[in-house]
Structure formats: C-alpha cells, structure tokens
Amino acid sequence: MATAQGGADESTRSLRFTWFNQMLGRFPVGSLIDLGSGHGMFARAAADAGWRVTALDARGDRYPDDEPRVEWKVGDVRDVDLRGFDVIACLGLFYHLTLDDQLDLLARASGTPIILDTHVANDRPVPMKRSLSELVTLQGYTGKLYREPDQATNSPASFGNDHSFWPRTRDLYMMLGAHGYDVLTATPWYLPSRTFFLCLPQLDG
Ligand SMILES: C[S@@+](CC[C@H](N)C(=O)[O-])C[C@H]1O[C@@H](n2cnc3c(N)ncnc32)[C@H](O)[C@@H]1O
C-alpha cells in the first residue's frame with residue numbers, strides 16, 4: 001500500500017500524526033475503530049502504540065497487506081455498530097458525509113471519545129473552493145455543501161453521496177455539543193480549513 005496520503009506534503013503529514021498520537025496518548029490503551037481508514041496509516045500508528053485496532057473503509061484497496069495486528073474490514077460507516085470501542089478515530093471522513101449521516105454517526109458514537117479530523121466551512125482559502133456552495137442552513141446547522149469528486153476514480157472520496165456537508169466551526173461545536181461532547185481543538189490547524197478535534201463525552205452526559 002502505502003505511500004499513501006494522497007500527495008499530502010510532509011509537514012502536513014507530520015502534523016497529522018503528531019495530533020493523532022498526542023490525542024490518542026491521552027487515553028489508556030484499549031480498543032479503537034478507525035473509520036474511513038483508507039491507506040491505514042493511522043490504524044497502524046494506533047497498533048504501534050499497543051491498541052487493538054479495527055479499520056473500516058468502504059473501499060479496501062489501499063489497505064496494507066503486511067499489517068496483521070489490525071482487523072481490516074470493508075464496510076460502510078453509516079451501518080457500523082460503534083458500541084464497545086474505547087476510542088473512535090474519524091479522520092478525513094466526516095466531511096465526506098451528508099449532514100444527516102454526520103448526525104447519525106454522532107448519535108451512534110455518543111458516549112465514546114472521538115478523535116475527529118475534518119474540514120470546516122470558514123473564510124480561509126481552500127483549493128476546493130469551487131466545489132463548495134454558499135452557506136446553507138439545514139436542521140439548524142450552517143455550513144457549505146461540498147460537491148464530491150468522481151467516486152469511480154477518486155478513492156479518498158465519499159461513498160454513494162454526491163454532496164457532503166462542511167459545518168462552520170461553531171456549528172461543528174454545536175453538533176458535537178448536542179450529542180454530549182466537549183471539544184478540544186488542535187492548533188495550529190494543519191490546513192486553513194482543517195484540524196483535529198478531540199471530542200470528549202461530557203462528564204454529566
Ligand atoms: C480522505 S480519505 C481519509 C483516509 C485516512 N483516514 C486519512 O485521514 O488520511 C476518506 C476515506 O473515507 C472512506 N469513506 C468515504 N465514505 C465512506 C463510508 N460511507 N463508509 C466507509 N468509508 C468511507 C473513503 O473510501 C476513503 O478511504
């Protein structure tokens with residue numbers, strides 16, 4: 001597999017792993033599911049740290065073939081049972097889902113910490129600007145619709161949905177808060193519109 005972060009430059013790649021490892025390191029070692037695992041590098045990093053790891057992706061073509069410590073599964077995150085995991089990793093996936101599917105995922109995750117790495121809709125420059133709509137408000141959440149690239153030729157893309165939702169930062173916090181999460185945000189952001197969010201179940205949640 002595995003050059004495989006889709007051409008991300010080295011400093012971006014390095015900062016992503018820094019945030020992932022720092023956030024994961026806050027928890028006692030246990031079980032983790034890596035949603036939209038793709039190339040599997042974060043699943044592998046968690047296994048390196050001693051975690052029992054399940055990787056899930058709708059496409060298994062980028063999975064490494066030399067990593068027996070990880071349980072590699074092909075499936076849709078919209079169907080998966082998230083109960084029983086100590087931590088959920090959701091890296092580079094959330095912004096490929098519709099708002100309905102994002103809210104459903106958060107409902108199923110609720111009560112379990114999430115390491116979330118996603119784009120938000122803000123005013124900073126992004127290369128995919130032409131694929132983003134003007135601000136829309138759906139179900140009380142404001143953000144932009146992202147027109148997904150051709151899914152047949154672009155394996156990091158969405159699976160089945162041709163548009164996804166990028167909430168504004170404050171709306172992402174609202175979505176997470178409504179599902180019982182407090183949020184810590186990694187700075188510096190590794191892209192103008194994208195960073196890691198550590199989503200912790202509220203103590204009284
Ligand atoms: C941008 S890649 C992220 C890969 C890796 N997690 C990372 O952050 O570098 C998005 C991944 O999500 C997967 N994906 C998109 N929609 C999915 C769905 N509904 N169910 C499972 N996987 C999905 C894609 O196949 C792709 O591998």
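Start by selecting Thr-185, which you'll find in strand β9. Keep in mind as you go that this is a predicted model.

**Stop 1: Thr-185 and its surroundings**

Is Thr-185 buried, exposed or partly exposed? Count the other C-beta atoms within 10 Å and you get 13, so Thr-185 is classed as partly exposed; a buried residue would need 20 or more. Now look for what touches Thr-185 from further along the chain. Setting aside neighbours within four places in sequence, Thr-185 is in contact with Thr-195 and Phe-197. Put a distance label between the C-alpha atoms of Thr-185 and Phe-196 as well: they sit eleven residues apart along the chain, yet their separation is 6.2 Å.

**Stop 2: β9 and β10**

Widen the selection to β9 (181–185) and β10 (194–201). These two strands run antiparallel and are joined by five bridges. For one of the paired positions, click on Val-183, whose bridge partner in β10 is Cys-199.

**Stop 3: the seven-stranded sheet**

Zoom out to take in the whole sheet. What is the order of its strands? Reading across, you get β3-β2-β1-β4-β5-β10-β9, an open sheet with mixed pairing. At the edges are β3 (70–74) and β9, each pairing on one side only. From one strand to the next, the twist averages 20 degrees.

Within this sheet, pick out β1 (residues 31–35). Four of its five residues are buried, so β1 is largely enclosed by the rest of the structure. Next to β1, select β2 (residues 52–57): the two strands pair in the parallel sense over five bridges. Leu-32 is a handy landmark here, with Val-53 as its bridge partner in β2.

**Stop 4: the three-stranded sheet**

Hide that sheet and bring up β6, β7 and β8. They form an open sheet in the order β6-β7-β8, and the pairing is antiparallel. Its edge strands are β6 (132–138) and β8, which each pair on one side only. Ignoring direction, neighbouring strands in this sheet are turned by 40 degrees against each other on average.

Look closer at β7 and β8, which pair over five bridges in the antiparallel sense. Click on Tyr-146 and look across to β8, where Ser-164 stands opposite.

**Stop 5: helix α4**

With β7 and β8 still on screen, add α4 (residues 169–178). The helix lies across both strands and runs at about 110 degrees to β7.

Which residues of α4 are buried? Select Asp-171, Leu-172, Met-175 and Leu-176. They cover an arc of only 140 degrees around the axis, which means that they are on the same side of α4. The spacing helps to explain the picture: an α-helix has 3.6 residues a turn, so residues three or four places apart point the same way.

To see what these buried residues pack against, show α3 (99–109), β7 (141–147), β8 (163–167), β9 and β10. That list takes you back to the strands from your second stop. Before moving on, check the residue Gly-180 just after α4: Gly-180 takes a positive phi of about 85 degrees.

**Stop 6: around the ligand**

Finish by centring on the ligand. There are 20 residues around the ligand, and those that come nearest are Gly-36, Gly-38, Ala-58, Gly-92 and Pro-156. Try colouring this shell by residue type: you should get seven nonpolar, eight polar and five charged, with Gly counted among the polar ones.

Methods: Residues are numbered from 1 along each chain as its sequence is written. This is a predicted model: local features need pLDDT of at least 70, side-chain atom pairs count only at pLDDT 80 or more; totals for chains, interfaces and linings use all residues. A residue is near a molecule or strand if its C-beta atom, placed from the backbone, lies within 6 Å of it. A residue is buried if 20 or more other C-beta atoms lie within 10 Å of its own, exposed if 12 or fewer, and partly exposed in between; C-beta atoms are placed from the backbone. The arc is that of the directions from the helix axis to the C-beta atoms. Two residues are in contact if their C-beta atoms, placed from the backbone, lie within 7 Å. Two strands pair if DSSP finds at least two bridges between them. Axes are lines fitted to C-alpha atoms, for helices over the stretch in contact, and angles run from 0 to 180 degrees between N-to-C directions.
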